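I have the notebook open and a cup of coffee at hand. Here is what I looked up, entry by entry.

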Amino acid sequence: MEEVHWYKILSPDIRDMIENKDLNELRNFLKIPHPAHIADLLRELNPSERALVFRLLTRDIAVEVFSLLEPDEEEELLNHFTERRVKE
């Protein structure tokens, strides 16, 4: 039997929450899954969505999720935040 990846099933719902700006709902949802599952979810999103979702995580969860990312994924996320800050 093939393993079900919940993040692949939920990523359209996550994208809907982002598009509809349901950020409180998304923030509350992100408190439920294990950080490893959130890291997997981030890999399914585009860079802007990934950065937004990451910013909605609690500090403790964000630290754990970040530690589960590959070095190139960490770098991409940090670069996105740096580029955004420079634009502001």
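**Entry 1: Ile 9**

I began with Ile 9, which I found in helix α1. Is Ile 9 buried or exposed? Its relative accessibility is 55%, so Ile 9 counts as exposed, the cut-off for that class being over 50%. I then checked Ile 9 against Leu 41: the two are 32 residues apart in sequence, and their C-alpha atoms are 9.9 Å apart in space. A reminder to myself: this is a predicted model, and every value I jot down here is computed from it.

**Entry 2: the overall layout**

Next I stepped back to look at the whole chain. I counted six helices and zero strands, and read along the sequence the pattern is α-α-α-α-α-α. The protein has 88 residues, and 32% of them are buried. I also looked up the exposed surface, which comes to about 6,200 Å², with carbon and sulfur atoms supplying 50% of it. For contacts with a separation of 6 or more, I noted that 65% are between residues 24 or more positions apart.

**Entry 3: salt bridges, starting with Arg 15**

How many salt bridges are there? I get a count of four. One of them joins the side chains of Arg 15 and Glu 49, at 3.1 Å from N to O. This pair links distant parts of the chain, since Arg 15 sits in helix α1 (residues 6-19) and Glu 49 in helix α4 (residues 47-56), 34 residues apart. I looked up the accessibility of both partners. Arg 15 is partly exposed at 24%, whereas Glu 49 is buried at 10%.

**Entry 4: Arg 43 and its partners**

Arg 43 took up a good part of my afternoon. Its side chain meets that of Asp 40 in a salt bridge of 3.0 Å, N to O. Why are Arg 43 and Asp 40 separated by about one helical turn? They are three residues apart in helix α3 (residues 35-44), so about one turn lies between them.

Arg 43 also forms a salt bridge with Glu 73, and here the closest N and O atoms are 2.8 Å apart. Arg 43 lies in helix α3 and Glu 73 in helix α6 (residues 71-87), so this pair ties together parts that are 30 residues apart in sequence. Through shared partners, the salt bridges join Asp 40, Arg 43 and Glu 73 into one network.

I checked how exposed each member of that network is. Arg 43 is partly exposed, with a relative accessible area of 33%. Asp 40 is partly exposed at 25%, and Glu 73 is partly exposed at 22%.

**Entry 5: Ala 36**

While in helix α3 I also looked at Ala 36, which is found there. Ala 36 counts as partly exposed, with a relative accessibility of 28%. Its C-alpha atom is separated by 6.4 Å from that of Val 65, and the two residues are 29 residues apart along the chain.

**Entry 6: helix α4**

I started at the N-terminal end of α4, which Asn 46 caps: a side-chain oxygen lies 3.0 Å from the backbone nitrogen of Ser 48. Which residues of α4 are buried? My list reads Glu 49, Arg 50, Ala 51, Val 53, Phe 54 and Leu 56.

Arg 50, in helix α4, caught my eye. Its relative accessible area is 15%, so Arg 50 falls among the buried residues, which are those under 20%. I asked which residues Arg 50 is in contact with once its neighbours within four places in sequence are left aside. They are Leu 42, Arg 43, Leu 45, Glu 76 and Leu 77. Arg 43, on that list, is the residue that bridges to Glu 73 in Entry 4.

**Entry 7: aromatic pairs**

My last search was for rings, and the structure holds two aromatic pairs. Phe 54 and Phe 81 form a tilted one, 6.1 Å centre to centre with 45 degrees between the planes. That pair links distant parts of the chain: Phe 54 is in helix α4 and Phe 81 in helix α6, 27 residues apart. Phe 54 is buried, with a relative accessible area of 12%. I closed the entry with the cluster, in which ring pairs link Phe 54, Phe 66 and Phe 81.

Methods. Residues numbered from 1 in each chain as written. Predicted model: local features only at pLDDT ≥ 70, side-chain atom pairs only at ≥ 80, totals over all residues. Heavy atoms only, no water. Helix = DSSP H or I, 4+ residues; strand = E, 2+ residues; numbered from the N terminus. Buried < 20%, exposed > 50% of the residue type's maximum accessible area, 1.4 Å probe, protein only. Contact = heavy atoms within 4.5 Å. Polar contact = N/O pair within 3.5 Å; in protein donor to acceptor, adjacent residues only side chain to side chain. Phe/Tyr/Trp six-rings, centres within 6.5 Å; stacked < 30°, edge-to-face > 60°. Areas by Shrake-Rupley, 256 points an atom, 1.4 Å probe, with all protein chains shown as cover.
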